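Please look over the model shown here before reading the notes that follow. They are arranged by topic, starting with a single helix and moving on to strands, a sheet and the nonpolar cores.

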Amino acid sequence: MDTYVAGFVNGIPLLFVECKNIHKDLKNAYERNFADYKDTIPHFFHHNAIVMLANGAKAKVGTITAGYEHFHEWKRLSESDHGVVDMETLLKGVCDKKNFMDIFENFIIYDDSIGKQIKVLVKNHQYLGVNQVIKALNDPNRAKGKLGVFWHTQSAGKSYSMVFFTTKVHRKIGGNYTFLICTDRDDLDTQIYKTFAGCSVADNDKNPCRPTSGKHLAELMSYHKAYVFTTIQKFNQEVDPDEGYTKRNDIIVITDEAHRTQYGTLALNMRNALPNANFIGFTGTPLFKDDQITMQVFGDYISTYDFQRAVEDKVTVPLYYDSRGDTLGVATNDINERIAEKLEEIEIDDIDVSQRLEKELKRDYHIITAKKRLNQIAKDFVDHYTTSWEAGKAMFVCIDKLTCVRMYELIRQYWDQKAEKIEDSWKMAAGEEKDHLSNQLIWMKETKMAVIVSEEQGEVEKFRKWGFDITPHRRLIKNGFELSDGTRIDVDSAFKREEHPFRIAIICAMWLTGFNVPSLANLYLDKPLKAHTLMQAIARANRVNGDKNNGLIIDYCGILKNLRKALAIFTGTGDTGRTGGLGPKELDPTKTKEELLEDLKQAIDLVSDFLNERKASLDAIINTNGFERNKAIVAAKEAVNENDETRKKFEVMCREVFIKFKACLTIPGVNAYRNQYGAINIIYKSLQKDRDRADISDIIKQLHEVIDESITVTSDKAKEPNKPYDISKIDFSRLRAEFEHAKTKNTTVQSLKSVIEEKLERLIQRNPLRTDFQEHYEKIIDEYNKEKDRQNIEATFEALLKFVQELDEEESRAVREGLDEETLAIYDLLLKPDLKPQEIKKIKKIAKELLETLKEKLKDLYKWQDKEPTRDEVKVLIRNFLWDEATGLPVECYTQNEVDKKTEDVFYHVYRAYPTVPSPYYSSADI
């Protein structure tokens, strides 16, 4: 028999339970009974805190303002529980006396940030996660300053978790706590602040909490503010670590998207400014398994809630994947020659122009933006979206801003054509079909689309060069849409408002992450994405909204392999409650603080020595100001730009300094190296700016036309439509296993990522200017088509990674050359073009003997990299060996300069790969 139960606390009816027979659906309890009670006896709910719908077996919990889709299950009493949809579990989790009063006091908020006030009840995963952070804060044995990493997948309510956490700390632990919420983007900072403001927790107008500058931030932190919201960029002032902005120990820094905001001089400034603060990282995408730096900054995972579990718990809707787009072909086999002809028309002596041009030509960009291809995709988008028009809003992601505007023009063209076609069909139709076509036609004519891209300097001229006008798009982004009453609504709010006809957003970066639109149903991807960015992007479509069953990811550019890799890394890791989950694990640092600082010092010394050898100086940059400093920077750049190889070598060494500096950020002694780091960084950034400023737009436009003419689109009429693949149904344990590349015979298991990086690191010294453009473009097209020709997307998800095949191919090359992996690396470095077979044979012999000589020498040298005399001794050994008539390079083939260069190349390789003998970079089978 159906009934209801009221739960009283001190005579106040805080709990309402609608009970149905076990065979009845919970939605029936919501629509038939609970909704009726709210209309007929509304005063009964004036004091209500929690509403529960139950049928004896299953149960859900929510609030009086929640739609049925926002009632949620309570499946776990701890994060390590596997999770069961069970009424008993919900009663124990919510109605236990201690838990109920905790939820009533600390886990119910009222939010009006979306325009109307809603009552928000904590979800199961938020309750468990926040209380684990509270427990850590109270733990006297935790690492100083580290509260851990709070990883809850995108759309799991991270911002609300922050509100629950901070307000509970203020109520239960201490009202003097200051929370500094730190992000790395203005839009994210605004979004989080709006949530806190909407929940009446913060109000910048009445009590300033959003600094306008670095100086203002320092001022706010000197007060006992409850909340301060800032971007990491406002920590732009150097701070004496012995003074800081404040030495209070009741400051908690909450960093959003922790993996990307906590490195470099800005982060060091923050730590110097707040030396006794506690740090917690909130992230919607988990850390890579080898991301030890982030763990050193924050500590280990303190709460995890992954992508798959969120779908299982119906916190997010399932995401389906669909691969679309016709195949491409190369209409000519002389791309190289045609590019060469264009390049011959232009004198290119500037190293920055040459390097940027090389970088541009190697991108997938020219394939993805081919005119015929964009035409085909625009037409397919219109056909697809107008077929699924009732599902919700759409977002189309392009590779860059220019392509966004190009796609807008194409989509508008095909949209109008489709509307005319539907209108013709409507005239001939009758009955239900006519009504359906009428509604579809009204929807199409109402629908507004807009290009949403960030502003940049000189953009009007940039677009004009390609025949497009950015000004009307910029005007719309700034002014928004006009409403029927004459007022205006900004583009953000219009897209988030389900009933507003702004339904198609064409973007490239803005709104790609951290932009919550529940009514977004279809995400069309035509931009290569990977890792964190890819996972954040696809989460745009997984929000729960009314009767929305799923979000759909439509892939036009073959992101499948990157999606699989991201899912393998990001799902189940650290989740102790999932079969195959790795569980939290204490970081086992392989080096002491002193050793990490010594590594940083050695990396800086290498850069300094490199500059000194070329009559430039780091000290001159550090110890001078004004024009003298600028002169020293220019001198360093001139030294680095001696040739393409010196430039590349210098940049590799700089990146080593940056990596090692990040690893030392939490070590107090790192401030001693700040000036050297800053000087290296300014040279590196200046070089990058030179390259980025090199104006190649006219050249690229001409070359793009050559490539554009060479692309054909082949429609495969026989191809069966793909069945969308439910991402949440993947066997993630098996998928993760695919991405592990095991080394045998007493070596540690490494991730595939590490193996690839290792090989790339060894090959980076080869000259990339030898790229065969014809082969390169055909390879891109081939990869693109492999994704499109799959008859069964599910089979693709079960296939092994192409990366593994490429590695096997590289390893088989070593066998074909008759060398092992270690010798192959030396051989590659010594080799030069146009050698005869007999000379190549001799180089192989030299490589073997040189490697044996070096290993024999190095095995007796303890920490040889740490001492300059020892490093010099190794370099001299290499040079003498290569010069020796009996053992060295053939004098008829190699000049003195070439031998000197080969010496440098081999030394830097040995320095990197042989900290010890045997080398940790090679398997025992190769040693």
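In helix H24, the buried residues (under 20% relative accessible area with a 1.4 Å probe, protein chains only) are Ala-632, Ile-633, Ala-636, Lys-637, Ala-639 and Val-640. Seen down the axis of H24, these buried residues fall within an arc of 160°, taken from the directions between the helix axis and the C-beta atoms, so they line one face of the helix. This is a predicted model, in which local features need pLDDT of at least 70 and side-chain atom pairs count only at pLDDT 80 or more, while totals for chains, interfaces and linings use all residues. Residues are numbered from 1 along each chain as its sequence is written, and side-chain values use heavy atoms, with hydrogens and water left out.

**Helix H24**
- On the other side of H24, Phe-627, Lys-631 and Glu-638 are exposed (over 50% relative accessible area).
- H24 spans residues 626-640, and its 15 residues reach 22 Å from the first C-alpha to the last, close to the 21 Å expected at 1.5 Å a residue, where the expected span is 1.5 Å times one less than the number of residues.

**Strand S3 and its partners**
- Five of the five residues of strand S3 (residues 50-54) are buried, so S3 is largely enclosed by the rest of the structure.
- Ile-50, Met-52 and Ala-54 lie on one side of S3 and Val-51 and Leu-53 on the other, and both faces are covered.
- Strand S2 (residues 12-19) runs parallel to S3 and is joined to it by five bridges, with Val-17 standing opposite Met-52.
- Strand S4 (residues 59-62) pairs with S3 in the antiparallel sense over four bridges, pairing being defined by at least two DSSP bridges, and Val-51 stands opposite Gly-62.
- Four residues lie between the strands in the hairpin of S3 and S4, where Gly-56 takes a positive phi near 90°.

**The six-stranded sheet**
- An open sheet with parallel pairing is formed by six strands in the order S9-S8-S10-S11-S7-S12.
- Strands S9 (227-231) and S12 (301-305) stand at the edges with a single partner strand each, so one side of each is left without a neighbour in the sheet.
- Strand S8 (residues 178-183) pairs with S9 over five bridges in the parallel sense, and Cys-182 stands opposite Thr-230.

**Nonpolar cores**
- The largest nonpolar core (buried Ala, Val, Leu, Ile, Met, Phe, Trp, Tyr and Cys residues joined through side-chain atoms within 4.5 Å) has 68 residues, and those touching the most other members include Leu-611 and Val-906.
- Helix H22 (residues 593-612) supplies the largest share of this core, nine residues.

Note on methods. Helices (H or I, at least four residues) and strands (E, at least two) are DSSP runs, numbered from the N terminus.
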